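Dear colleague,

I am handing over the structure below, and I would be glad if you could open it and keep it in view while you read the notes that follow it.

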Amino acid sequence: NLSQRLTTVAKFVPQGARVADIGSDHGYLPAALALQGQIEYAVAGEVVRGPYENAVSEIKKLDLAKIIQARLADGLAAIKDSDRIDTITIAGIGGALITQILDAHPEKLIGVTRLILQPNVGEARLREWLMNHQFQIMAERMVAEDGHIYEVIVAEPSIVPFRYSKYELTFGPFLLEQRSPVFAQKWQNELQRQENVLQQIKRASKPPVAKIKQQEKYISLIREVLN
Ligand code: SAM
């Protein structure tokens, strides 16, 4: 009974993985993975004591302490070398915070062969971070749940250099290809929102020209993709 969103994240966790779930809250994701026999080991990292304690009691209740360790730590500091983590999941927070977490401890990413990320916002910036750190996007999904449309981004370290276009960074290389009905819905909503923002900026007593130009550029990018 994992949410659709976390079920989609879980689908991309390789069989037998050693996972660090950062910002785990109750630890529902690693718990479900352990119960399904999908993982060998997991760390459930939490920076806030309340959620950390929720994870501790969830792990105890389900008798999963042999497989899952809850740790109270900021971001990737939850990971120890002896964990031999190969997969990192970070879900339910903004893309900017995800990049901050990944940036803070580059040494913890050594040996990691897959990142499964579910940013609530700021997807373009996260893709840009991945590109600039040689993590190539291997798959993407869009999930509609509870009136929100979520993106799941799966990335792996790449030895071959690659670049993403402005379109790919904004819309997602795979999402752009798939063009699912939720994709159109998400970007229709975004277009509407951004047009309202533009109208508001224009109504200012001294409309900021550069900001208007930038906003118009973003809007025409969305229009192009929707056409
Ligand atoms: N990952 C779960 C999910 O997707 O349902 C929980 C998402 S919850 C909205 C975000 C969690 O991330 C919160 O429990 C918060 O305390 C935790 N968090 C935020 N920043 C963090 C950080 N730097 N390190 C570890 N956990 C963090």
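**What was found**

Val143 has Tyr150, a residue of β7, as its bridge partner. Please keep in mind that this is a predicted model. The pair belongs to a longer ladder, since β6 and β7 (residues 148-157) run antiparallel and are joined by ten bridges.

These two strands are part of an open sheet of seven strands, which is mixed in its pairing and follows the order β3-β2-β1-β4-β5-β7-β6. Why is one side of β3 and of β6 left without a neighbour in the sheet? Both β3 (68-72) and β6 (135-145) stand at the edges and have a single partner strand each, so one side of each remains without a neighbour there. From one strand to the next, the twist averages 15 degrees.

A helix also lies across part of this sheet: α4 (residues 95-104) crosses β1 (17-22), β4 (87-93) and β5 (114-119), and α4 runs at about 145 degrees to β4.

The other thing to look at is the ligand, which has 16 residues around it, and of these Arg5, Gly23, Glu46, Asp74 and Gly75 come nearest. Sorted by class, the shell around the ligand holds nine nonpolar, three polar and four charged residues.

Which atoms lie 2.8 Å apart between the ligand and Asp74? They are a nitrogen atom of the ligand and an N or O atom in the side chain of Asp74. With Ala91 the contact is made by the backbone, where a polar atom is 3.0 Å from a nitrogen atom of the ligand, and a backbone N or O atom of Val47 lies 3.4 Å from a ligand nitrogen atom. On its own the ligand has 600 Å² of accessible area, and the protein covers 78% of that. The elements giving two or more residues to the shell are α1 (4-11), β4 and α4, and β4 gives the most, with three residues.

With best wishes

How values were computed: Residues numbered from 1 in each chain as written. Predicted model: local features only at pLDDT ≥ 70, side-chain atom pairs only at ≥ 80, totals over all residues. Heavy atoms only, no water. Pairing = 2+ DSSP bridges. Helix = DSSP H or I, 4+ residues; strand = E, 2+ residues; numbered from the N terminus. Axes fitted to C-alpha atoms, helices over the stretch in contact; angles between N-to-C directions. Contact = heavy atoms within 4.5 Å. Near = heavy atom within 4 Å. Polar contact = N/O pair within 3.5 Å; in protein donor to acceptor, adjacent residues only side chain to side chain. Areas by Shrake-Rupley, 256 points an atom, 1.4 Å probe, with all protein chains shown as cover. Nonpolar A, V, L, I, M, F, W, Y, C, P; charged D, E, K, R; others polar.
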